[in-house]
Amino acid sequence: MNKYIKSDLMRYYGKYDLLTFIRGDFRNSTFRFQCALRLCQSKGMMKLLGYFLWAINRTKKTIQIPRHTKIGYGLFIGHGGPIMINSSAVIGDNCNLSQFVTIGSNHKKAATIGDNVYIGPNVCIVEDVHIGNNVSIGAGSVVTKDIPDNATAAGNYAKVLHYRSPGQFIHRRWMVDKHDQ
C-alpha cells in the first residue's frame with residue numbers, strides 16, 4: 001500500500017491495515033477521493049489505476065484538489081468538503097482541512113502550508129502566504145498575511161491571537177521518517 005494512503009488512513013481511523021483500508025474505501029467517499037488523488041501521484045500501473053479511479057470518483061465535484069497539488073503525509077478532510085485548492089498550493093504533513101475551505105490565488109502562486117496545521121471551517125487563504133508549522137486557523141478567517149509557527153490565528157483578516165497549545169486539533173499524527181521525504 002502507498003505510504004501516503006497509509007498516512008491518510010492513520011489520520012482517519014488510527015490504524016492502516018488492509019481491513020481498515022477496505023472499510024474506509026467503501027464507507028467514506030472523501031477517503032476514496034484521497035486514494036484516487038494519491039494513486040494519481042504514484043508511478044507505473046498505480047498511476048493508471050489512480051487516473052481510472054479519479055475519472056469515476058464523484059466526490060471531486062465537492063472537493064476540488066488538482067491531481068498534481070503537492071500534499072504531504074496524513075491529509076485529513078473533515079466533513080467531506082466542499083473544498084477548493086489551487087494547484088500551486090503546497091500543503092505539509094498532518095494537515096486538517098474543514099468544510100468550505102478555499103486555498104486560492106488570482107495570480108501565480110497560492111499558499112504554502114506547514115506541518116500539523118488545522119484549518120477551520122469557512123477559511124479562505126488568499127495568495128502567496130506562508131502558514132507555519134503547528135498552526136490553528138479559526139473558523140471564518142480570511143488569511144492574507146503570513147502566520148508564524150506555533151500560532152493560533154483567527155478573524156477577518158486573520159491575526160495571531162496567541163501561541164498557547166499550537167496544533168492542538170491535529171490527532172493521530174503520521175510520523176514522517178526523514179527518508180520518506
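The following dialogue examines how several descriptions of this predicted model are justified.

Colleague: What makes the overall dimensions of the chain agree with those of a compact globule?

Modeller: With 181 residues, a compact globule would have a radius of gyration near 16 Å, and the chain has 16 Å, so the two agree. Along its principal axes, the C-alpha trace spans about 45 × 30 × 30 Å. Buried residues make up 45% of the chain. The accessible surface comes to about 9,500 Å², and 57% of that belongs to carbon and sulfur atoms.

Colleague: Which secondary structure elements does the chain hold, and how many?

Modeller: The chain has four helices and 15 strands.

Colleague: What order do the five strands of the open sheet follow, and is the pairing parallel or antiparallel?

Modeller: The order is 1-4-7-10-13, and the pairing is parallel. Strand 1 (63–64) and strand 13 (142–143) are the edge strands, since each pairs on one side only.

Colleague: How do you know that strand 4 and strand 7 are paired?

Modeller: Two strands pair if at least two bridges are found between them. Strand 4 and strand 7 have three bridges, in the parallel sense, so they satisfy that condition. Met84, for instance, has Thr102 of strand 7 as its bridge partner.

Colleague: Why is the pairing in the sheet of six strands called mixed rather than parallel?

Modeller: That open sheet has the order 3-6-9-12-14-15, with strand 3 and strand 15 (159–162) at its edges. Strand 6 (residues 96–97) and strand 9 (residues 118–119) run parallel and are joined by two bridges, Asn96 having Tyr118 as its bridge partner. Strand 14 (residues 152–154) and strand 15, by contrast, pair in the antiparallel sense over three bridges. The sheet holds both senses, and its pairing is accordingly mixed.

Colleague: What lies between strand 14 and strand 15?

Modeller: The two strands form a hairpin with four residues between them, and Gly155 in the turn has a positive phi of about 115°. Ala154 and Lys159 are bridge partners across this pair of strands.

Colleague: Which residues touch the most other members of the largest nonpolar core?

Modeller: Among the 39 residues of that core, they are Leu97, Ile103, Ile113, Ile119, Ile125, Ile131 and Ile137. Helix 1 (3–13), helix 3 (29–40), strand 4 (83–85) and strand 7 (101–104) each supply at least two core residues. Helix 3 gives the largest share, seven residues. Ile119 touches Cys95, Asn96, Leu97, Ser98, Val101, Ile103, Ile113, Ile125 and Ile137, leaving aside residues up to four places away in sequence.

Colleague: Why is the aromatic pair of Tyr12 and Phe76 called tilted?

Modeller: Ring centres must lie within 6.5 Å for a pair; planes under 30 degrees apart count as stacked, over 60 as edge-to-face, and the rest as tilted. Tyr12 and Phe76 are 4.7 Å apart centre to centre, with 45° between the planes; this angle falls in the remaining range, so the pair is tilted. Tyr12 lies in helix 1 and Phe76 in strand 3 (residues 76–77), so the pair ties together parts that are 64 residues apart in sequence.

Colleague: Are Tyr12 and Phe76 buried or partly exposed?

Modeller: Buried means under 20% relative accessible area, and exposed means over 50%. Tyr12, at 9%, is therefore buried, whereas Phe76, at 22%, is partly exposed.

Colleague: What makes the pair of Phe33 and Trp54 tilted, and which helices do these residues lie in?

Modeller: The ring centres are 5.3 Å apart and the planes stand at 40°, so this pair is tilted. Phe33 lies in helix 3 and Trp54 in helix 4 (residues 45–56), so the pair ties together parts that are 21 residues apart in sequence. Both Phe33 and Trp54 are buried.

Colleague: How many aromatic pairs are found, and which residues do ring pairs link into a cluster?

Modeller: The whole structure has nine aromatic pairs. Ring pairs link Tyr12, Tyr13, Phe21, Phe31 and Phe76 into a cluster.

Colleague: Why is Arg173 called partly exposed?

Modeller: Its relative accessible area is 30%, between the 20% and 50% limits, and Arg173 is therefore partly exposed. Arg173 is placed in the segment after strand 15. Arg173 and Asn116 are 57 residues apart in sequence and 7.9 Å apart in space, C-alpha to C-alpha. Not counting residues up to four places away in sequence, Arg173 touches Arg11, Asn94, Asn116, Asn134 and Gly167.

Note on methods
Residues are numbered from 1 along each chain as its sequence is written. This is a predicted model: local features need pLDDT of at least 70, side-chain atom pairs count only at pLDDT 80 or more; totals for chains, interfaces and linings use all residues. Side-chain values use heavy atoms; hydrogens and water are left out. A nonpolar core is a set of buried Ala, Val, Leu, Ile, Met, Phe, Trp, Tyr and Cys residues joined through side-chain atoms within 4.5 Å. Buried means under 20% relative accessible area, exposed over 50%, partly exposed in between (1.4 Å probe, protein chains only). Contact means heavy atoms within 4.5 Å. The radius of gyration is taken over C-alpha atoms; the globule rule is 2.2 Å times the number of residues to the power 0.38. Accessible areas come from the Shrake-Rupley method with a 1.4 Å probe; for residues, only the protein chains shown count as cover. Rings of Phe, Tyr and Trp (its six-membered ring) pair if their centres lie within 6.5 Å; planes under 30 degrees apart count as stacked, over 60 as edge-to-face and the rest as tilted.
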